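Please open the structure in your viewer and keep the sequence beside it, so that you can select residues by number as this tour moves along.

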Amino acid sequence: MQCKETRPLAVSRPSLPPDTSSSFSHPPMFDQETPLPPCNFVIFGATGNLASNKLLPALYRLELAGKLPAGLNFIAFARRAWDDDAWREHVRALLTDRLKAEGVPLERFVGRFDYLRGELENPAAYGALKGLL
């Protein structure tokens, strides 16, 4: 049995001129002139690698760029027996080491955090979380 030689099909597509009449662009993430109401961002597994390697540095970079609303706070939810101060010191050391973070922006960012110790499988931990929210 012999295989037939096949050639790709030529597909004709109409050529459209670029649309220059539209000035559409993505809207800004936040309208900095209209303050957002206070809100909390919960980070489950906050002491894990994903948070340390990706999430915390990215959020700090948003802080540096002035992209985090003033009323945005974070609740770090994890299993380690830490309190707010121990968590904040962890974040401070992590960002100082990895990003050479320092000064007022770092302290403003670290001050946005509360820490809640809890097990994901424990329903009582969610009651405690509700109390912080």
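Select Glu 63 and Arg 112 to begin, and colour them by how much of their surface is accessible: Glu 63 is buried, and Arg 112 is buried as well. For Glu 63 the relative accessibility is 5%, and it counts as buried because that value falls under the 20% limit. Keep in mind throughout that this is a predicted model.

Now show the side chains of this pair, which meet in a salt bridge with 2.5 Å from N to O. Glu 63 belongs to helix H1, whereas Arg 112 sits in the loop between H3 and S3, so the pair ties together parts that are 49 residues apart in sequence.

Keep Glu 63 selected and add Arg 108, with which Glu 63 forms a salt bridge whose closest N and O atoms are 2.5 Å apart. This pair, too, links distant parts of the chain, since Arg 108 is in helix H3 and Glu 63 is in helix H1 (residues 49–64), 45 residues apart. Arg 108 counts as partly exposed, at 43% relative accessibility.

Next, turn to helix H2 (residues 84–99) and select Glu 89 and Arg 92, which both lie there, 3 residues apart, or about one turn of the helix. Salt bridges that share partners, to return for a moment to the earlier group, join Glu 63, Arg 108 and Arg 112 into one network. In helix H2, Glu 89 and Arg 92 form a salt bridge of their own, with the closest N and O atoms 2.9 Å apart. Glu 89 is partly exposed, with a relative accessible area of 42%, and Arg 92 also counts as partly exposed, at 24% relative accessibility. A search of the whole structure finds 6 salt bridges.

Leave Arg 92 on display and select Val 110, which is in helix H3 (residues 103–110). Is Val 110 buried or exposed? At 1% relative accessibility, Val 110 counts as buried. Leaving aside residues up to four places away in sequence, Val 110 touches Arg 88, Val 91 and Arg 92. If you also select Trp 87, you can draw a distance between the C-alpha atoms of Val 110 and Trp 87, which are separated by 8.9 Å and lie 23 residues apart along the chain.

Finally, go to the surface and select Phe 44, Leu 120 and Tyr 126, which form a nonpolar patch with about 280 Å² of accessible area together. Leu 120 is found in the loop between strand S3 (113–117) and helix H4 (123–132), and this residue is partly exposed, with a relative accessible area of 46%.

Note on methods:
Residues are numbered from 1 along each chain as its sequence is written. This is a predicted model: local features need pLDDT of at least 70, side-chain atom pairs count only at pLDDT 80 or more; totals for chains, interfaces and linings use all residues. Side-chain values use heavy atoms; hydrogens and water are left out. Patches are made of residues with over 30% relative accessible area and no salt bridge: like charges are joined within 9 Å, nonpolar side chains (Val, Leu, Ile, Met, Phe, Trp, Tyr) within 5 Å. Accessible areas come from the Shrake-Rupley method with a 1.4 Å probe; for residues, only the protein chains shown count as cover. A salt bridge is a side-chain nitrogen of Lys or Arg within 4 Å of a carboxyl oxygen of Asp or Glu. Helices (H or I, at least four residues) and strands (E, at least two) are DSSP runs, numbered from the N terminus. Buried means under 20% relative accessible area, exposed over 50%, partly exposed in between (1.4 Å probe, protein chains only). Contact means heavy atoms within 4.5 Å.
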